[in-house]
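User: I am new to this structure and would like a close look at a single part. Please pick one helix, follow its surroundings, and keep the sentences short.

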Amino acid sequence: MKLRIDGRDLEAREGETILEAAASAGIEIPVLCHSPGLDPVGVCRLCVVDVGERTKAASCVRKCQPGMEIRTQSEELDRHRSMLTELLLSDQPAATAMNEDRREVRLGDNELASLARVHALTRSRFPAAPGRGEDQSSKVIDVDHQACILCDRCIRACNDVQGNEVIGRSGKGFSAKIAFDLDAGMGESTCVSCGECAAVCPTGALVDRPLRSPLRPRRELKAVDSVCPYCGVGCALTYHVAEGADGKRAEIVFAEGRKDSANLGRLCVKGRYGWDYVSHPQRLVTPLIRREAAYPKGALSSDTRGENDGRRRAGGFVDDREVLPAFREASWDEALDLVASRLAGIRDHDGPNALAGFGSAKCSNEEAYLFQKMMRTALGTNNVDHCTRLCHASSVAALLESIGSGAVTTTYADIENADVALITGSNPTSNHPVAATFFKQAIKRGLKLIVVDPRREVIADHAEFFCGIKPGTDVAFYNAMMQVIIEEGLCDESFIETRTEGFEALRESVAEYTPERASKICGLSPERIRDVARVFGRAKRAIIFWGMGVSQHVYGTNNARCLISLALITGNVGAPGSGLHPLRGQNNVQGASDAGLIPMVYPDYQRVDDARVREKFEAAWGCSLSPDPGLTVVEITAGALAGSIRGMYIMGENPFLSDPNVNKVRKALSKLDFLVVQDIFLTETAEFADVILPASAYMEKLGTYTNTDRRVQLGRPVLELPGQARLDWEIISEVSTRAGYPMRYASTDEIFAEFAGLTSSYATLDHNTLGASGKLWPNPDPEHEEGPAVLFTDRFPTESGRAKLVPAQWSAAPELPDERYPFVLNTGRLLEHWHTGGMTRRAKALDAIAPEAFAAIHPKDAEALGLITGDRALVESRRGKIRIAVKLTTRENRGAIFIPFHFREAAANLLTLDELDPDGKIPEFKLCAVSVTRCED
């Protein structure tokens, strides 16, 4: 439509506001209550414009109309804005000197102070309202109610953008203020410390606290665009960096989300406040070699030796004073020569398969590619794996078997196009919090959400259907859903006929899982099962998200098979708003898997036991390769314990805490003839090392990372390496060269080009085409297109082009509760922490918010045991025991407890079971039998 603004003829889109149309034309209109990404409310009235009517119109809410004549500037409007600004200034705690305002001092971006300068206002003539006080209870945000202008930006950011529903208003008149929950302190409320409120606040009411370096205005800092180093969502962010002075290292001052990205500028507490671990004083900065007096090898710290049994109530990481005396500093040449000679010696004396390597999903695609290449070429073995084995290996096995691809078929944001979503075995508000914001927004727009989980996670509070099934009964539940869908004619018969195979076998298999039979297994009523099946079966577009509550079982592959079949028989793959999405846990678990950091496949999931594939890689790498699929993570540990694995190279992983049955892992690491650990901190695993190599942290290197959506993004260096630490890819290249297989690369983009050239998924990508927000693979035209969000619209990448429906039978868990061990243990993550805590427990804010391990238990179970929140309990399984604080919550089922696995002083994996899924080789993390008793020490 045509209209005029300040005498200029302009075109406006249907539904566009005057403020938006003006901004598109480069015309600035002052505003305080509005911010891009928030719904406009028009409460500050600073953005009013003259549209030729009796009253002025708030441009943030007034829609454009054809032929409008709009004036944004006039003497009258200027007086109006000046008066409003002065009235707002009167209540400010620094009313006579806005340059003293907390936000202006720390960040230099107080929008009210900026308006005061525009109108030449240094003080207000009007008396101030009574003081409303400050709130210092949050670990990351200072709250000054007196500086609040009640613009409601924070309320909309919290409730509409993040979907947390924490902030509202309380009081009336002069006492009106923003409130957290029922007027609690911010730190005592249900606030999740995402920082969205502080990011949009225009005054000093909500301001981030400094972490390791004083806050300062953006104009004084260097901005570096990168990607968050934590979960698989892979949020794009910008680090603001203060250059070092007098020889000191530069420091990150603060981080903020990038709005021109898939995460739309949103971050969680880890992304916004969890980056300062990189400057922790415990960083490894020099190569270390074990002293002769420190043999025979074994754990060095008391916790790792198992002497404390959780008696120590806090302590986030290895105590250097207990460990470092066992090592001496060495030069890089000495350390690298020793590593290469010892590994090559084992290779030549005991054979290549006496060696094994653990890579890391925290490292880049380039590092993952080089690590698996080194293991296969220089050391000659396929015994190379990483934490995907502890994450979604069973999901990938089922996806490859059924649809020919282990990747997600659609993105997390595609939920906006769905009618129904099923989230199962996942706690996205803690594990994938930014993706969860998209889920919560979709629910507000009318999406029907089904949540299936033994625990009532926070996301279940937003669901239309919560199905609290018994632990380990997923297969029975989903088979019953399919039985109802098939019996009631809710299948997509056309899709089944043209896009799948094996339907009759599936129909026959699920026929016996009537809701009545499944009810006895999973604990839900037959009516509930039918209701949920009908909602999913009748949906025009349905999408399935799942997490490690599905995959981390001995029957994890069967769980995933059921979910895949459920989507296929209802035609919910290959169209917008439908698909299969196993939410990846770590920042690069998708990319590390794509890069071949898996024992049975080369990059792009090309099998090592396929002769034609092997010939391709032998030609590319210039050497012969082993035809035998290698061992997986838990199998490697078992091999070390049995003596068949003699030497290991562990890069960026901490299996002592991440692997099941820690006591077994302790014995296995102690038995190795030689262990090299390449990491940024002295981990529990490093206590068993012969050589420790100081590596590069995420913020110190250039590389690509592939998120859960298949989005390949560039992580850029923000800081210089500390001390003598080196880039991981350079270390790998040096070890490989010294072990007999030369690696010579000039840069990471050269490594990426080699990797991409051996794949079809990444073949068209390079560092230069990824752009600011990354590209999705596969991508036929990365120069001009982002890449397909939805895959397999016409055919599946299988020989027949069809998806295979694979029946699965329910079986009971290998270890069930009994009289001696009457509780079921479930393990998982917390919002504030990640993996084994090596990074997050060294992040000041994250550790302050969640400093201690706990066992969550239902109040009635706790009452029977004589426990209240804060009491200490002894939790014991057939494999180990820990002492841990108790937390009462109705989110747990009766007879179940939950323990996060981040805490070394109460290591949950001392208790877990190392039984394996026969297909995915993933261990049973989610179900083992334990006892819980009160302890006094």
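Analyst: What follows starts at helix 5 and works outward through its neighbours.

The model is a predicted one. Helix 5 covers residues 153-161. How many of its nine residues are buried? Eight are, so helix 5 is largely enclosed by the rest of the structure. The buried residues are Arg 153, Cys 154, Ile 155, Arg 156, Ala 157, Cys 158, Asn 159 and Val 161. Buried here stands for a relative accessible area under 20%.

What do these buried residues pack against? Three helices are involved: helix 4 (111-118), helix 6 (196-200) and helix 14. Strand 8 (167-170), strand 9 (177-180) and strand 10 (206-208) are partners as well. After helix 5 comes Gly 163. The phi of Gly 163 is positive, near 70 degrees.

Take helix 14 next. Helix 14 spans residues 433-444. Its axis and that of helix 5 come within 9 Å. The two axes cross at roughly 85 degrees. Angles of 65 to 115 degrees count as roughly perpendicular, and helix 5 and helix 14 are therefore roughly perpendicular to each other. Which residues make the contact? Helix 5 supplies Asn 159, Asp 160 and Val 161. Helix 14 supplies Thr 437, Gln 441 and Lys 444. By type, the contact residues divide into one nonpolar, three polar and two charged.

Helix 14 also takes part in an aromatic pair. A search of the whole structure finds 18 aromatic pairs. In one of them, the ring centres of Tyr 412 and Phe 438 are 5.3 Å apart. Their planes stand at 70 degrees, so the pair is edge-to-face. Where do the two residues sit? Phe 438 is in helix 14, and Tyr 412 is in the loop between helix 12 (393-403) and strand 18. The pair therefore ties together parts that are 26 residues apart in sequence. Are the two residues buried or exposed? Tyr 412 is buried, with a relative accessible area of 2%. Phe 438 is buried too, at 9%.

Strand 18 leads on to a sheet. Five strands form this open sheet, in the order 20-19-18-22-23. The pairing is parallel. Which strands lie at the edges? They are strand 20 (465-467) and strand 23 (579-582), each pairing on one side only. Neighbouring strands are turned by 15 degrees against each other on average, direction ignored.

Look at one edge of the sheet. Strand 22 (residues 542-546) is joined to strand 23 by four bridges. These two strands run parallel. One residue of strand 22 is Trp 546, and its bridge partner in strand 23 is Pro 582.

A helix lies across this sheet as well. Helix 15 (residues 474-487) crosses strand 18 (420-424), strand 19 (448-452) and strand 20. Helix 15 runs at about 160 degrees to strand 18.

Some backbone details elsewhere deserve a stop. Most residues other than glycine have a negative phi, and most peptide bonds are trans. Arg 45 has a positive phi of about 65 degrees, although it is not a glycine. Arg 45 lies in the loop between helix 1 (18-24) and strand 3 (48-49). Its relative accessible area is 33%, so Arg 45 is partly exposed. Tyr 605 has a positive phi of about 65 degrees as well. Tyr 605 is found in the loop between strand 24 (601-602) and strand 25 (606-607). Tyr 605 is buried, with a relative accessible area of 17%.

Two cis peptide bonds complete the backbone stop. One runs from Tyr 295 to Pro 296, with omega near -5 degrees. Pro 296 lies in the loop between strand 14 (288-290) and helix 8 (302-305). Another runs from Trp 777 to Pro 778, with omega near -10 degrees. Pro 778 is in the loop between strand 31 (775-776) and strand 32 (803-804). Trp 777 also belongs to an aromatic cluster, together with Tyr 369, Tyr 602, Phe 617, Trp 621, Phe 752, Phe 755 and Tyr 762.

Key. Residues are numbered from 1 along each chain as its sequence is written. This is a predicted model: local features need pLDDT of at least 70, side-chain atom pairs count only at pLDDT 80 or more; totals for chains, interfaces and linings use all residues. Side-chain values use heavy atoms; hydrogens and water are left out. Axes are lines fitted to C-alpha atoms, for helices over the stretch in contact, and angles run from 0 to 180 degrees between N-to-C directions. Angles under 35 degrees count as roughly parallel, over 145 as roughly antiparallel, 65 to 115 as roughly perpendicular and the rest as oblique. Contact means heavy atoms within 4.5 Å. Ala, Val, Leu, Ile, Met, Phe, Trp, Tyr, Cys and Pro count as nonpolar, Asp, Glu, Lys and Arg as charged, and the others, Gly among them, as polar. Two strands pair if DSSP finds at least two bridges between them. Buried means under 20% relative accessible area, exposed over 50%, partly exposed in between (1.4 Å probe, protein chains only). Rings of Phe, Tyr and Trp (its six-membered ring) pair if their centres lie within 6.5 Å; planes under 30 degrees apart count as stacked, over 60 as edge-to-face and the rest as tilted.
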